[in-house]
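Me: Please take a close look at one part of this model, the loop residues with unusual backbone angles, and then set that part against the rest of the chain.

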Amino acid sequence: MPEFLFFTWQSKRIVSYVPCSFSARICLLSLFKQIPLSNVTNKRQAEAYVNMDVGTTMHNAYVQSAMSRNVDYGNDLVYPGIKRVSRPLCYPWQDKVLSTTNRSGVVTDLNDSPIQVYLIDSTSYGEPAGIWGINCGHSCNVFIPGLSIIRGEVPDKEKNDELYALTQEQRRLEREVRYAKRNAAMADATGDKEAFDAAALRVKRKQADLSAFLKENDLNASVYRSQVVGYNRSVSNAVTASANRQEQERQAQERERQIIAEIKATGIKGRIELHPVIPDVKNLGFDDEHINVERNHNVTREQAETFIKNAKILVTRSNGASQNYYSYEGAAYVNTERMTIATAFSVAEYDEKTRSMMEVLKKHGI
Ligand SMILES: [Zn+2]
């Protein structure tokens with residue numbers, strides 16, 4: 001890579017001294033923050049566009065400078081060099097010697113082996129998807145007859161195409177990560193909590209998809225291709241916190257569902273709520289006549305209130321007309337139409353099903 005490069009961005013011309021392509025991207029990404037989004041074609045993701053643009057511009061500059069310096073030295077031969085995986089239009093030219101002045105012929109390499117020279121115009125050079133085109137990544141090496149040698153072996157075509165398909169899938173998954181991150185950054189900026197929580201889960205899911213794919217296929221992760229402007233450390237931390245919290249909530253809900261299913265299995269009927277909201281017992285009536293005279297439950301109003309306050313579970317019966325609070329000391333049934341404690345009894349009077357229900361709660365530490 002050359003030590004410095006010129007960039008053009010829209011009508012602006014940026015001169016940037018960069019040690020490597022990664023910092024160039026970072027530099028452009030930060031510059032990009034000041035450019036309105038409308039300047040970018042809306043179909044292409046801004047980040048991807050910048051990466052592609054910088055990568056390609058740098059690459060063009062690099063290839064161009066390699067070629068012209070070569071010509072300055074009186075040589076017109078170059079070769080791309082062999083990559084582990086190439087795009088289809090690059091593949092056939094990797095180990096070929098190309099003449100940038102479009103002459104053909106035969107030269108020799110370091111080992112005096114004959115080497116065919118191809119006209120650069122006979123290759124895919126100049127096409128966006130061609131050799132040294134957009135997102136190509138092939139280097140441009142000078143070939144000096146008698147001194148140079150092309151090292152390495154072009155990978156098997158089938159193997160190359162297979163790997164190429166994998167990298168394409170990797171790009172797709174990286175795009176998904178960027179979409180999710182951008183939504184999270186946007187929701188964070190607008191303060192939309194609900195959208196942020198949804199986006200946070202999506203970011204984590206897409207990141208997990210990507211890393212699973214990379215691991216499964218033994219591919220390398222790319223930091224910059226998953227980067228998004230505005231998705232800084234603070235957003236990233238908030239995403240992790242939100243995703244963790246949501247996961248904990250999900251686990252707690254799942255656990256409650258299991259406990260309720262266990263309680264239902266004891267034969268308890270009605271709608272079950274664990275950790276019920278406790279009503280203001282002071283506003284409730286107390287049917288002393290029924291509780292203590294007719295039924296002889298021997299429960300004071302104060303005791304019934306305690307049963308409700310200490311309730312671990314609420315079972316709603318009769319279409320919501322009867323709310324039955326159960327504690328480890330006793331139970332109180334509230335008639336919601338009359339706003340009255342209609343009946344109350346101590347734990348000693350719990351029937352078998354109710355005792356089993358309380359056993360389940362105890363077992364789960366409720
Ligand atoms: Zn290439």
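**Two loop residues and their setting**

Reply: Histidine 275 has 11 C-beta neighbours inside 10 Å and therefore counts as exposed, since the cut-off for that class is 12 or fewer. This residue sits in the loop that runs between strand S8 (271–274) and strand S9 (285–286), and although histidine 275 is not a glycine, its phi is positive, at about 45°.

Serine 318 can be described in the same terms. Its phi is near 50°, again a positive value in a residue other than glycine, and serine 318 is placed in the loop between strand S10 (313–317) and strand S11 (322–326). With 13 other C-beta atoms within 10 Å, serine 318 is partly exposed.

All of this is read from a predicted model, in which the protein averages a pLDDT of 86 and 84% of the residues score at least 70. Over residues 1–22, however, the pLDDT is below 50, and this stretch has 30 contacts in the model beyond near neighbours in sequence; over residues 29–44 the pLDDT is also below 50, with 12 such contacts. Where pLDDT is low, the predicted coordinates should not be read in detail.

Elsewhere in the chain, 5 strands form an open sheet of mixed pairing, in the order S5-S6-S4-S3-S7. Strand S5 (105–108) and strand S7 (141–142) are the edge strands, each pairing on one side only. Within the sheet, strand S3 (residues 77–79) pairs with strand S4 (residues 97–99) in the antiparallel sense over 2 bridges, and valine 78 stands opposite leucine 98 in S4.

Terms used
Residues numbered from 1 in each chain as written. Predicted model: local features only at pLDDT ≥ 70, side-chain atom pairs only at ≥ 80, totals over all residues. pLDDT = per-residue confidence, 0-100. Contact = placed C-beta atoms within 7 Å. Pairing = 2+ DSSP bridges. Helix = DSSP H or I, 4+ residues; strand = E, 2+ residues; numbered from the N terminus. Buried ≥ 20, exposed ≤ 12 C-beta atoms within 10 Å, placed from the backbone.
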